[in-house]
Every structure is written in structure tokens, then in C-alpha cells.
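Thanks for coming. I have one structure to go through today, so let me put it on the screen.

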Amino acid sequence: MSKTVAKRSPEMAKMIEASAKGRALMGGTDAMRLAGEQYLPRFSQETDDNYKARLKASTLFNGVRKTVKDMTGRVFDKPVEITDGPQNIIDMAENIDMQGRDLSVFASEVFKDGFIAGISYIMVDAPRRDGETTRGQAAAMGLRPSMTHLRVEDILGFKTKLYGNALALSQLRIMESIKEDDPQDPFNQVDQKQVRVLDRIESGGVQVTIWRKGKDETWFVIDEYATEAEEITVISFYAQRTGFFTGEPVLEDLVDVNVSHWQSQSDQRNILHFARVPILFASGRDEDEPITISAGSAVTSRNPDADMKWVEHSGKAIDAGRQDLKDLEFQMEALGLQLLVNSVQKSATEAANDNVKETSTLAMMADSMKDALEQALQWMAFYTGLGEVPITLNVNKEFGVTMLTAQEVTAMLGMVNAGLLSKGTFLEELKRRGFVRPDLDTDAEIDALDAVSYTHLRAHETVLDLVCRLLLEK
């Protein structure tokens, strides 16, 4: 039994706190409204009803989510491709998580999550084999390894140790939620929380222990078993690393500006509500005198000094609020939201330089994604019984490459015909620039071209032979 197995470590608590604002923004308007006063402070003397009305009228200009989706889309514009690896691993990549997602879709979710917390995790696991079940029998039964995406919120804590001269996990605690049938309702399921503890054993292997909470808030072990894994098979995807197994949000500054925009936009909506409804002001009348405002009615008074008029907002505060929103949107553009605000005209050189700065960070993140996926695939090969096999893959980093124009294609074709450029290089460049489909088999295409050229040559030679024979006969 234990009372601390589910206690979150200070490192993980710090990362969760740092990513909280980004998580709320990624949830959109509903999540920001749900957060309430955490990100939209209440005005002094503002009543509960007035605050709820203002909160309900506020909508989010979601610069963070747009940026994350755009940047992720640039990396995964081309699918993740396994360039070298066993065929059964390539086949498994079509359903890498046993939930129908292929490697590219799965990796894009891990990558997108990495923007918010600065780190995300991939766990490789295989179903438990009972008794003397071999890997071959397990494969025949469909008990194959798969990948699981873990967020910082899923990790309770970890320990590290030097193995040789390499720092690695010695213990990892994961909070899990599994579906179980509801004993009170045969048509319903309930979420059951449990803690999975992975301990690396000195003698070899990894010990797995599953904990559940009892009624007295004490956790107890419900299952434990050993695996053949030589290490804890959970790998970090570092979007912005701060240390081993830790990271910090990539878009922290953008998140802060987006929260400021949420607050300013709420103020703007609030002042517009009052500015659009003028206030009727009457003087020189008794307070108990009724006033009816409608078509076909009139208000009278015997007081010669009585007056009545509409009081309207001057609009200066509205213009100031509109300008503040624009300024915040420009700040978001400068912090990574180029595609959303296009009102600033840039020279070609400035645009190119901005693109290089932006994609260099993306390129490093893409490299980190590549490293994490290759390690995860290596572990899948181990669980499959293949041992250490070479596995390499390609994650797109061609963010600044533009499609070739017709003139450029013509110029490159001229170089091929002049013998200054090979057919293979020409086709690869067409693929890289998006002029032809990215899955085009370059070697097969060259073979087909050569075969066509040979056929034409043979046909040409046959015609020449016929002409020569006819001339000799004459």
C-alpha cells in the first residue's frame, strides 16, 4: 500500500502550470470562459450577473491555436516516410497506435502537443504474454507492439540513473484512465484511474506495477509483472528542452499576448454594449412622474426649465480599444502568426529572412521528432523479436521551398538535355518543389523513360534498315 504513488513530482507540476494557459487557449472560447476569472479578471464592484454576462459575450481570437495548426501543417505537409526498415515495421506504421492512426497522423498529434508544453512523450508497449507464449505466437494472435502518446499531465514523476555513461530512466510513474463496465448499468462504462509504475531492474528487464486507489485514499497493487525490455520504453519529443525529460512552452510569449487580447476584446465588447444603447436624461421633472417612450406618445412638463435628451458615448474609448486590439494582433504576428495578419507589406528579402528564422526553429523540432520516432520504432522492432535493426525515416523540413515555375522547369529540362543535369536529380527536384507527386518512384520512372527511348530507337533503326534495303534493291 502507498499514499504517495500518485503524488506529482515538482518537475511535472511546474511543467503543467507553465502549459496551463496554452492548454486553455487551445480549448477555444469555451475553455477560456470555463476558466473564468483566472484569465478574465472581474472589475471592481462588478456583480456576479454582470460578470457572467460579460464573460458570455466574450469571444476568443485564437492566435495560438491557429499558429500551432499552421506550423504543424508545414512539417506534416508531406507524410512521415520510413526510408529504411523491416517490412513488418512498415506495415505496423499503417496503424501505429492500434486505434487506426498511421505514423504521420500519430506523430502530428505528438508534435502539436509539444508546442504547448515544450515536450511530449511516446510510450512503446506490447501486450502482456501469458505463460510460455512466444513472440511468434503473440504475432499470430495479433498481440503486436504499439505506440501511445503521453502528455505532461499523464506523467506523475520519474527517476533517472547513469547506466554506463548514459543517463536514462530508472523509474516512471504514469496516471492512466481506463474504461470499465459500470456494475450499476449494463449499458454504461465508467472511467477508472490507475497508476502504472515502470521500474528498471538492475539484473535486467523492467518491472510493471499497477496501482488502484481504495476507499480510504490509500493505493494498493492490483497487478505486477516483468517484461523483457532492457530499458523503460518511453521517449521524449523535445520541442523546447530544458533538461532530461523536461521542457518549456515554445509559444509562451504568444500565449501571454493572446490572453491579453482575450481581456481587451472582452473590454471592447462590453463598452460597445453600453455605447450602442443611449441613456435618456431628463431634468426639471419630479422623480415620480411617469415617462412613456414610444411612438405616438409625448412627454410634457409645466416647469419651463425642464429638459430631456439622449446621452451617448463619445466613441473615443471605442477607438482606443480597437487600436489596442490591432496592436496586440501585430504583436502576435511578430511572435509567429504571419499567416493571420497580412497588413504589413515586406520586401522579398525581409520575407525570406523571416522565413529562415521561423523555419529554423521548426527544422530543429522536426529533427527532434525524427529522433524520437526512430527510437520508438527501434523499440517496436525489439518487442517484435527483430533485435537491433537499422530504421531510418524522413520528417519533412522543406518549409521554405516554393513550387517551380514553368520557366524554371524548362530551364532545368534544357540542362538535362545538355547533359549538365541527370534525370534522377531533375525528378527529385520536381518532387521536392511539389511539381510532381511526392511518392513518385524516381528509379522506376527513369527505367520507364529509358525503355520508351529504347523502343523509339529500335523503331527508328527498323525504318532505316527498310529504307536502305529498298535503295539497294533499286
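**Helix packing, cavities and a few residues**

I'll start at the N-terminal end, with helix α1, residues 10–26, and helix α2, residues 28–35: the two pack at an angle of about 130 degrees, and their axes are 6 Å apart. Before going further, please keep in mind that this is a predicted model. An angle over 145 degrees would count as roughly antiparallel, and 65 to 115 as roughly perpendicular. The pair falls in neither range, and α1 and α2 are therefore oblique to each other. On the α1 side the contact is made by A24, L25 and M26, and on the α2 side by G28, A31 and M32. By class, that contact of α1 with α2 has five nonpolar residues, one polar and no charged.

Helix α1 has another partner, α6, residues 103–117. The axes of α1 and α6 cross at roughly 130 degrees and come within 8 Å. That makes α1 oblique to α6 as well. Here S19, G22, R23 and M26 of α1 meet K112, D113, I116 and A117 of α6. In this contact of α1 with α6 there are three nonpolar, two polar and three charged residues. M26 of α1 appears in the contact with α2 and also in the contact with α6.

Now the overall picture. The protein has 13 helices and 14 strands. Of its 474 residues, 36% are buried. If you take contacts between residues at least 6 apart in sequence, 65% of them join residues at least 24 apart.

On to the internal space. How many cavities of 30 Å³ or more are there? The count comes to three.

The largest cavity holds about 110 Å³ of space. Its lining consists of 14 residues, and those that lie nearest the centre are D125, L198, V208, T233 and Y383. Which strands supply at least two residues each to this lining? They are β2 (119–125), β6 (189–200), β7 (206–213) and β8 (219–227). The largest share comes from β2, with three residues. By class, the lining of the largest cavity has nine nonpolar, two polar and three charged residues.

The second largest cavity has about 40 Å³ of space. It is lined by A18, K21, G22, I116, P249, E252, V255 and D256. Helix α1 comes back at this point: α1 and α8, residues 252–275, are the elements that give two or more residues to the lining of the second largest cavity. This lining divides into four nonpolar, one polar and three charged residues. Note that G22 and I116 line this cavity, and that both also take part in the contact of α1 with α6.

Next, a few single residues. T209 is in strand β7, one of the strands that supply the lining of the largest cavity. Is T209 buried or exposed? Its relative accessible area is 9%. The cut-off for buried is under 20%, so T209 is buried. Leaving aside neighbours within four places in sequence, T209 is in contact with V195, R196, V197, V221, D223 and E224.

F244 is a loop residue, between β10 (241–243) and β11 (246–247). With a relative accessible area of 25%, F244 is partly exposed. Not counting residues up to four places away in sequence, F244 touches F158, T160, L167, A168, L169 and Y238. Take A168 from that list: A168 and F244 are 76 residues apart in sequence, and their C-alpha atoms are 8.6 Å apart in space.

Last, the backbone. M98 is not a glycine, yet M98 has a positive phi of about 60 degrees. M98 sits in the loop between α5 (87–92) and α6, the latter being the helix that α1 crosses. At 41% relative accessibility, M98 counts as partly exposed. E217 is also not a glycine and has a positive phi, in this case about 70 degrees. The place of E217 is the loop between β7 and β8, and both of those strands supply residues to the lining of the largest cavity.

That's what I had; happy to go back to any of it.

How values were computed:
Residues numbered from 1 in each chain as written. Predicted model: local features only at pLDDT ≥ 70, side-chain atom pairs only at ≥ 80, totals over all residues. Heavy atoms only, no water. Axes fitted to C-alpha atoms, helices over the stretch in contact; angles between N-to-C directions. Helix = DSSP H or I, 4+ residues; strand = E, 2+ residues; numbered from the N terminus. Parallel < 35°, antiparallel > 145°, perpendicular 65-115°, else oblique. Contact = heavy atoms within 4.5 Å. Nonpolar A, V, L, I, M, F, W, Y, C, P; charged D, E, K, R; others polar. 1 Å grid on protein atoms, 1.4 Å probe; cavity = no way out; pocket = protein on both sides within 12 Å on 5 of 7 lines; lining within 4 Å. Points joined across faces, edges and corners; volume = space filled by probe spheres on them. Buried < 20%, exposed > 50% of the residue type's maximum accessible area, 1.4 Å probe, protein only.
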